[in-house]
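Dear colleague,

I am passing on the structure we spoke of, and I would be glad if you could read my notes beside it.

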2 protein chains.
Amino acid sequence: MNQIITLGREFGSGGREVGKRLAELLGYAYYDKEIVAEISKRTQLAESYVRQIVEKKPHIFYPITTGHSMHDESPDYLLRQYNTIYAEQAKVITEMAEKSPCVIVGRCADYILKDMKPLRLFIYADDDTKLVRCRNTADLNENIPDNKMRRKIKKINKNRARYYNYYTGRNWGDRTNYDICVNTSLITPKEAAELLAGLIKGRETAEQ
Amino acid sequence: MNQIITLGREFGSGGREVGKRLAELLGYAYYDKEIVAEISKRTQLAESYVRQIVEKKPHIFYPITTGHSMHDESPDYLLRQYNTIYAEQAKVITEMAEKSPCVIVGRCADYILKDMKPLRLFIYADDDTKLVRCRNTADLNENIPDNKMRRKIKKINKNRARYYNYYTGRNWGDRTNYDICVNTSLITPKEAAELLAGLIKGRETAEQ
């Protein structure tokens, strides 16, 4: 069976960097935004719409207006659409994991692939570290005060948690669901990636 | 400043083995039972009595009868004694950390030494793994059924949590208090030690 690494991460923790570096160090495939692109292709829904859905718990009582749900915005229709996207996501992720060793970021992959016994990582950071890291990234480097930025980070992470908890029945970020949790406040994402690559390489050598 | 590694661990997780191996791999001092022995020497209280106290939250309404508190078993006296032992423990741990690079197991060391910015580890495991590991150790390898053994493990860990939470105002095992948390269900204590040693060695090399 392929060595699969799933990586849950707090927004602002540098988790994506950890995953990318880790995949590079190991020569593994890396899946992050590629998952959304593939779901979009298969469901014929816009990428931006899929992205919005796969990080939030379904809000069935507050229909979201998008170009893709203009025909029917009833709670039932929207819930079906959320669930269709989740099912498609599970299929895409399973296919990716079966293809080759890989690192899969977010999207309940640890739960979806539980029978393949992936190495389950969770990357997090202190609030101050997350703030500084977000200030240094292009996405959120807006001219807004710190307290507003902190609220924004908190909200994104709350949405990730609600989405994960809804579909898995587990608690996002609860260490008991993971094999290794790394706080990137003291340890840099580069160090975290090297540390984790060392573990996997050690296992590969031991198996040979 | 010395590189200090503090290691919190669930009973049954193999955390002590991780700590011991890590100290060996790094050539660091290792402190575990040595802390209790030192407190005992300084306070003139029996080691067994000190050991019993440093893993439990003070129970001031249920005086414990021991050879050392026969003169006065009032709640006030006992609480003073608990706190004296905690203060002595903090002193001993600080002295150890100032002496040389070291691995310190349990005993709120992560909190006591917070100003020295130690690398804070937490080692845990799934319930089944803890049961198997306890069956394989001498201490708890008693002829009792699994469910009783599970309750025993749970109780010991509950006491560790209550002690830690009481003296630190934090939550024992909550990942936000640690830099790396390792689940020794999939990863062996040996692998965990090697993984962590790699990180520290990388840092030492980078500093040179």
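Below is what was found, going from a single chain to the pair of chains and then to one helix contact.

Please keep in mind that this is a predicted model. Chain A contains eight helices and five strands, and along its sequence these are arranged in the pattern β-α-β-α-α-α-β-α-β-α-α-β-α. Of the 208 residues in chain A, 50% are buried, while the accessible surface of the chain comes to about 10200 Å², with 49% of that belonging to carbon and sulfur atoms. Among the contacts in chain A with a separation of 6 or more, 68% are between residues 24 or more positions apart.

As for the two copies, a turn of 180 degrees with a shift of 0.0 Å along the axis lays chain B on chain A with an RMSD of 0.0 Å, which is the relation of a two-fold axis. The C-alpha of chain B nearest that axis belongs to B:Cys181, at 2.5 Å from it. Because 100% of the interface residues of chain B are also interface residues in chain A, the copies meet through the same surface.

Within chain B, the axes of helix H6 (residues 127–135) and helix H7 (residues 146–168) come within 10 Å and cross at roughly 100 degrees, so that H6(B) is roughly perpendicular to H7(B). The residues making this contact include B:Leu131 and B:Cys134 of H6(B), as well as B:Met149 and B:Ile153 of H7(B); by class, the contact has four nonpolar, one polar and six charged residues.

With best regards

Technical notes:
Residues are numbered from 1 along each chain as its sequence is written. Chains are lettered from A and ligands numbered from 1 in the order in which they are written. This is a predicted model: local features need pLDDT of at least 70, side-chain atom pairs count only at pLDDT 80 or more; totals for chains, interfaces and linings use all residues. Side-chain values use heavy atoms; hydrogens and water are left out. Helices (H or I, at least four residues) and strands (E, at least two) are DSSP runs, numbered from the N terminus. Buried means under 20% relative accessible area, exposed over 50%, partly exposed in between (1.4 Å probe, protein chains only). Contact means heavy atoms within 4.5 Å. Accessible areas come from the Shrake-Rupley method with a 1.4 Å probe; for residues, only the protein chains shown count as cover. Copies are superposed by least squares on the C-alpha atoms of residues with pLDDT of at least 70 in both. Axes are lines fitted to C-alpha atoms, for helices over the stretch in contact, and angles run from 0 to 180 degrees between N-to-C directions. Angles under 35 degrees count as roughly parallel, over 145 as roughly antiparallel, 65 to 115 as roughly perpendicular and the rest as oblique. Ala, Val, Leu, Ile, Met, Phe, Trp, Tyr, Cys and Pro count as nonpolar, Asp, Glu, Lys and Arg as charged, and the others, Gly among them, as polar.
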